[in-house]
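Here is a quick tour of a two-chain model, going from odd backbone spots to helix packing and then to the place where the chains meet. Keep the structure open while you read.

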Amino acid sequence: MLSKRVVACLDVRDGHLAKSVKFVNTKNIGDPVEKAREYYLDGLDELVFYDITASSDKRKIMLDVVEAVASQVFIPLSVGGGIRSVADATDLRLAGAEKINVNSAAVKRPGLIAECADAIGNQNVVLSMDVRRTLVSADIPSGYEIVINGGRTPMGLDALDWAYKGEALGAGELVVNSIDADGTKEGYEITLTAMLAEAVRIPVIASGGAGRPKHLHEVLTQGKADAALVASMVHYGEYRVSELKDYLNRQGVKVRMNW
Amino acid sequence: MTTGANTDTLIVDYDAGNLHSVARACHEVGLDAEICADPDRLRLASRIVFPGVGAAGSAMRSMQARGLDEALLEVIALGRPVLGICLGLQISFDYSEENTTRTLGLIKGEVHRFNLEDPALKIPHMGWNEVRIVRPHPVLKDIAAGDEFYFVHAYFPQPATEEAVLAVTDYEHEFASAVGRDNYVATQFHPEKSGRVGLQLIANFAQWDGNAE
């Protein structure tokens, strides 16, 4: 039986962990390579890097980070942020990324999904979608719409329609990030996650809102997600990856326990 | 038979996905493997890794266009250790339903697409799953009950004979997740992405003399 995955997401800016400013001891916690290695040794199932570097001339730094991580961390590695072309995707793949996450650029130009799928294979193209709850309308029948620019710009696009379209264009996996739940630490958006996970035949990674171990349990059972993405709850040392997996295992969720 | 020298291990490059992750995992366990698309060099290799991700049809066309299919079969006939991974495993069979492709015929049997009854089960079979050893093999040494490996595939192998099955995995039904014959062994999962246990398997392969007993 397939295990549910615990996925950690690290936001990287100019080669450093973006949230490092909030850490007390920035020296040790701020290095994405070190952090990736720590999680890997602690039983993490998959790693996502999100490049939030603003200037394009510093993007090459990300390739160095990916390369360093790929030589030390032998689990699937996924990279997103600023991917606008097949060339961007190919560069990251050569540096050692297994999967490529596309987000805003795919909303603006859906053909990007198909182009990447042709170039690197469907299973390696992840469609990451930022979703916000809204009023049910003729344009947004599900009551969930796609937003870009970190949640600031609504696109008038229904999340359910976008998930179907992404799957049809060749995405191999979905990351469903709830803008409403993100940062609250009060739990994932279960209704949204379950709706999308039941709609598509490709795996769904739930994102946004994880604060306590029971939130992972909820989204992997009621939320029907195949994987749960965590960020601050592990970055700040509140929980260890192995603790989360121990908890899920005790609750009867099938997770990988030998590592 | 080979000496087990690590100096000339080659990774077969037939335009089937990113081979660098396989190379990195080999390097991690001290196996100095080089990516190679030249059939003449392949014929001289003492040890070969045959990975791949993608579709069976284009993979076979690419192998044939480069003469890599014949070179690989020759090397295997010479008794040198060869490790197939994922698509490498799939195109070692006689036939794949994917693009209705006649494949290398190293292992008797066919490869078919998952046809699952449970709509909640996703295709591809993507993620970590248990690999249960049914026939001990030097390359599967020190893999314990409950150990999981990383899979990504929509098609699965169906060997014609039980002797070829080294390990099995469940995804609605049981399928062969590791197969072997003489000096050839292959996994449906990705040892290069399977953490400590995956590296263990690659390290076992690095030490293997090609004798399945």
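## Odd backbone spots

In chain A, the loop between strand E9 (173-178) and helix H8 (190-199) holds Lys185(A). Bear in mind that this is a predicted model. Lys185(A) isn't a glycine, yet its phi is positive, at about 60 degrees. It counts as partly exposed, because it has 14 C-beta neighbours inside 10 Å.

Chain B has a similar item to look at. Cys86(B), in the loop between E4 and helix H5 (87-90) of chain B, has a positive phi near 55 degrees, and it is a residue other than glycine. Cys86(B) is buried, since 26 other C-beta atoms lie within 10 Å. As background, most residues other than glycine have a negative phi, and most peptide bonds are trans. That second point leads to Pro124(B), which is joined to Ile123(B) by a cis peptide bond with omega at about 5 degrees. Look for Pro124(B) in the loop between strand E7 (109-113) and E8 of chain B.

## Two helices with a buried side

Take helix H2 (residues 32-41) of chain A, where Pro32(A), Lys35(A), Ala36(A), Tyr39(A) and Tyr40(A) are buried. Around the axis they cover an arc of only 135 degrees, so they sit on the same side of H2(A). After H2(A) comes Gly43(A), with a positive phi near 100 degrees.

Now for helix H4 (residues 68-77) of chain B: its buried residues include Leu68(B), Ala71(B), Leu72(B), Val75(B) and Ile76(B). Viewed down the axis of H4(B), the buried residues fall within an arc of 135 degrees and therefore line one face of the helix. What do they pack against? The partners in chain B are strand E1 (9-12), helix H2 (39-44), strand E3 (47-50), helix H3 (56-66), strand E4 (82-85) and strand E14 (184-187). Gly79(B) follows H4(B) and has a positive phi, near 90 degrees.

## Helix packing in chain A

Helix H4 (residues 86-95) of chain A packs with two helices discussed here. With helix H6 (residues 111-120) of chain A, the axes come within 9 Å and cross at roughly 40 degrees, which means that H4(A) is oblique to H6(A). The crossing of H4(A) past H6(A) is right-handed. H4(A) brings Val86(A), Ala89(A), Thr90(A) and Arg93(A) to this contact, while H6(A) brings Glu115(A), Cys116(A), Ala119(A) and Ile120(A). By class, that gives 5 nonpolar, 1 polar and 2 charged residues.

The other partner is helix H3 (residues 59-70) of chain A, which packs with H4(A) at an angle of about 35 degrees, the axes being 8 Å apart. Here the contact uses Leu63(A), Val66(A), Glu67(A) and Ala70(A) of H3(A), together with Asp91(A), Leu92(A) and Ala95(A) of H4(A). The class split for H3(A) with H4(A) is 5 nonpolar, no polar and 2 charged residues.

## A buried strand residue in chain A

Ile205(A) belongs to strand E10 (residues 204-207) of chain A. It is buried, given the 26 other C-beta atoms within 10 Å. Setting aside neighbours within four places in sequence, its contacts are Val7(A), Glu173(A), Leu174(A), Val175(A), Ala225(A), Asp226(A), Ala227(A) and Leu229(A). As for Val107(A), it is 98 residues from Ile205(A) along the chain, with 18 Å between the C-alpha atoms.

## Where the chains meet

How many residues of chain B are in contact with chain A? There are 32, and they touch 23 residues of chain A. On the chain B side, at least two residues each come from helix H1 (20-28), strand E8 (125-130), strand E10 (148-153), strand E12 (165-171) and helix H6 (195-207). That side of chain B divides into 12 nonpolar, 11 polar and 9 charged residues.

For a close look, try Gly127(B) in strand E8 of chain B. Is Gly127(B) buried or exposed? It counts as buried, because 21 C-beta neighbours lie inside 10 Å. Beyond its neighbours within four places in sequence, Gly127(B) is in contact with Leu2(A), Ser3(A), Arg5(A) and Asp226(A), as well as Phe151(B). Tyr14(B) is 113 residues from Gly127(B) in sequence, and the C-alpha atoms are 25 Å apart in space.

Conventions: Residues numbered from 1 in each chain as written. Chains lettered and ligands numbered in written order. Predicted model: local features only at pLDDT ≥ 70, side-chain atom pairs only at ≥ 80, totals over all residues. Contact = placed C-beta atoms within 7 Å. Helix = DSSP H or I, 4+ residues; strand = E, 2+ residues; numbered from the N terminus. Nonpolar A, V, L, I, M, F, W, Y, C, P; charged D, E, K, R; others polar. Axes fitted to C-alpha atoms, helices over the stretch in contact; angles between N-to-C directions. Parallel < 35°, antiparallel > 145°, perpendicular 65-115°, else oblique. Left-handed = near helix turned anticlockwise from the far one by under 90°. Buried ≥ 20, exposed ≤ 12 C-beta atoms within 10 Å, placed from the backbone. Arc of directions from axis to C-beta.
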